[in-house]
Amino acid sequence: MTDDTTLLANDNATRHATGDGEADVLVRRATANDLPLVIELDGDNTGLHKPDYWGETFHETERHPGQHFLIAESASSDHEFLGFIVGEVRAWEFGSRPCGWILTIGVVHERRVAGVGSALFDAICERFAADGVKTVRTMLARHDQLNMSFFRSQGMMAGSFIELEKPID
Amino acid sequence: MKLQKATRYGLYAVLELAANPDEQLSAADIAAAYGISGNHLAKVLRDLGRAGLVDSARGAGGGYRFSGNARRVTLLDVISLFEDISSDTGSGDGADTEIGRALDLVLGEIDDIARATFGSITIETLLKTMRWRQEREARAAAPDLASPG
Ligand SMILES: CC(C)(COP(=O)(O)OP(=O)(O)OC[C@H]1O[C@@H](n2cnc3c(N)ncnc32)[C@H](O)[C@@H]1OP(=O)(O)O)[C@@H](O)C(=O)NCCC(=O)NCCS
């Protein structure tokens, strides 16, 4: 859905037109001020309130190139918080060439199905491409229909790895 | 994975009509495009019509149109009209044995993945993915024409 991306001077923020007459979305790096809204949205999505985890994630992504913590906000003057995405480049895990991993994504409920998730996805893929990787990957619960449909709609398909597990009690 | 003939024809019809939303196509048009039996396809189109996925316009020049929501109808929705893709684990000869149950666990795992896959791919996503692939192939075939933006 994202059909226009213009690099802005501000901290590599990217502007994404969401189409269908929706307002443009600005995607930029997270700042510490964004954390309360991220923690609240993630808490809604996952049912878990984890401020320490998000504090650590933020500081890690600040320190390491190849780690991305991005915020989507409305491009209008109110800069309304719309959602976030976190991902990182991982190299040689499971013998895999370096690739970009999307670790989590969230869009505020009232702003869903309006292209915000797609704008976040496009923005992180641009950053991964700038990091020099050619593949983006994520891991999903098989029955998580919403996230499965979303990532499929971005053109993602099953890769060549498969997750295996076993209880060890 | 092998789908029954009617299921495959149903998917062809739905995808062909959804890919051409401004056109009305007859059973013969679609059958010719895929090299399949027109009679068999006509029956499949009636089933799709009953399920509300296609509309038929009567009279000269009449044909079929996709009438579902391409962004929400999944491949599983179409497949389920024609066949049940879950294997019948837990029944049949030998199913109620240790080996039968262990085997069913593996078959169930495969079924589960198949259902989750078909259930997460909408008609729109499949068409979009097809277009992306075509564009990538075209770029790879003519790299000089690829514009950096
Ligand atoms: C998944 C999510 C990020 C999608 O964000 P979004 O802004 O609504 O996504 P978009 O508007 O860009 O949608 C893109 C496509 O995804 C698919 N999609 C999104 N929401 C969908 C829904 N409710 N049902 C079916 N498909 C859907 C559609 O194909 C859609 O394209 P369309 O608008 O042309 O139909 C959002 O729903 C969300 O935050 N969900 C909770 C995430 C979560 O659980 N996070 C924790 C674990 S990672």
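Chain A has 4 helices and 7 strands, and the structure shown is a predicted model. Along the sequence, chain A goes β-β-β-α-α-β-β-β-α-β-α. Of its 169 residues, 41% count as buried. Here are some exercises to work through with the structure open.

**Exercise 1: a strand and its surroundings**

Work out how many residues of strand β4 of chain A are buried, and which of them point each way.

*Solution.*
- Step 1. Pick out β4(A), residues 67-74. A residue counts as buried when its relative accessible area is under 20%.
- Step 2. Count: 8 of the 8 residues are buried, so β4(A) is largely enclosed by the rest of the structure.
- Step 3. Sort the side chains by direction. In a regular strand they alternate between the two faces of the sheet.
- Step 4. One way go Q67(A), F69(A), I71(A) and E73(A). The other way go H68(A), L70(A), A72(A) and S74(A).

**Exercise 2: the neighbours of β4(A)**

Find the strands that pair with β4(A), with the sense of the pairing and the number of bridges.

*Solution.*
- Step 1. Start with β3(A), residues 25-29: it pairs with β4(A) in the antiparallel sense over 5 bridges. To find your place in this pairing, look for V27(A), which stands opposite A72(A).
- Step 2. Move to β5(A), residues 81-90, which is joined to β4(A) by 7 bridges and also runs antiparallel to it. Here I71(A) has F84(A) as its bridge partner.
- Step 3. Check the connection: β4(A) and β5(A) form a hairpin with 6 residues between them. In that turn, H79(A) has a positive phi of about 50°.

**Exercise 3: rings and a charge**

Classify the aromatic pair of Y53(A) and W54(A), then say whether each residue is buried or partly exposed.

*Solution.*
- Step 1. Set the scene: the whole structure holds 8 aromatic pairs over all chains.
- Step 2. Get the geometry for Y53(A) and W54(A): the centres are 5.1 Å apart and the planes are at 80°. Planes over 60 degrees apart count as edge-to-face, so this pair is edge-to-face.
- Step 3. Look at accessibility. Y53(A) has a relative accessible area of 39%, so it is partly exposed. W54(A) comes in at 1%, so it is buried.
- Step 4. Follow the ring pairs outwards: they link Y53(A), W54(A), F58(A), F69(A) and F84(A) into a cluster. F69(A) is one of the β4(A) residues from the first exercise, and F84(A) is the bridge partner of I71(A).
- Step 5. For a charge over a ring, try R90(A): its charged end sits over the ring of W101(A), 5.0 Å from the ring centre.

**Exercise 4: a pocket**

Describe the second largest pocket by its volume, its lining and the elements that contribute.

*Solution.*
- Step 1. Take the volume, about 1,400 Å³.
- Step 2. Take the lining: 44 residues, with L146(A), N147(A), S149(A), F150(A) and F151(A) nearest the centre.
- Step 3. List the elements that give two or more residues. From chain A they are α1 (35-46), α2 (51-63), β6 (99-107), α3 (116-131) and α4 (145-153), and from chain B there is α6 (123-141).
- Step 4. Rank them: α4(A) gives the most, with 7 residues.
- Step 5. Split the lining by class, which yields 16 nonpolar, 18 polar and 10 charged residues.

Terms used:
Residues numbered from 1 in each chain as written. Chains lettered and ligands numbered in written order. Predicted model: local features only at pLDDT ≥ 70, side-chain atom pairs only at ≥ 80, totals over all residues. Heavy atoms only, no water. Buried < 20%, exposed > 50% of the residue type's maximum accessible area, 1.4 Å probe, protein only. Pairing = 2+ DSSP bridges. Phe/Tyr/Trp six-rings, centres within 6.5 Å; stacked < 30°, edge-to-face > 60°. Lys NZ or Arg CZ within 6 Å of the ring centre and 35° of its normal. 1 Å grid on protein atoms, 1.4 Å probe; cavity = no way out; pocket = protein on both sides within 12 Å on 5 of 7 lines; lining within 4 Å. Points joined across faces, edges and corners; volume = space filled by probe spheres on them. Nonpolar A, V, L, I, M, F, W, Y, C, P; charged D, E, K, R; others polar.
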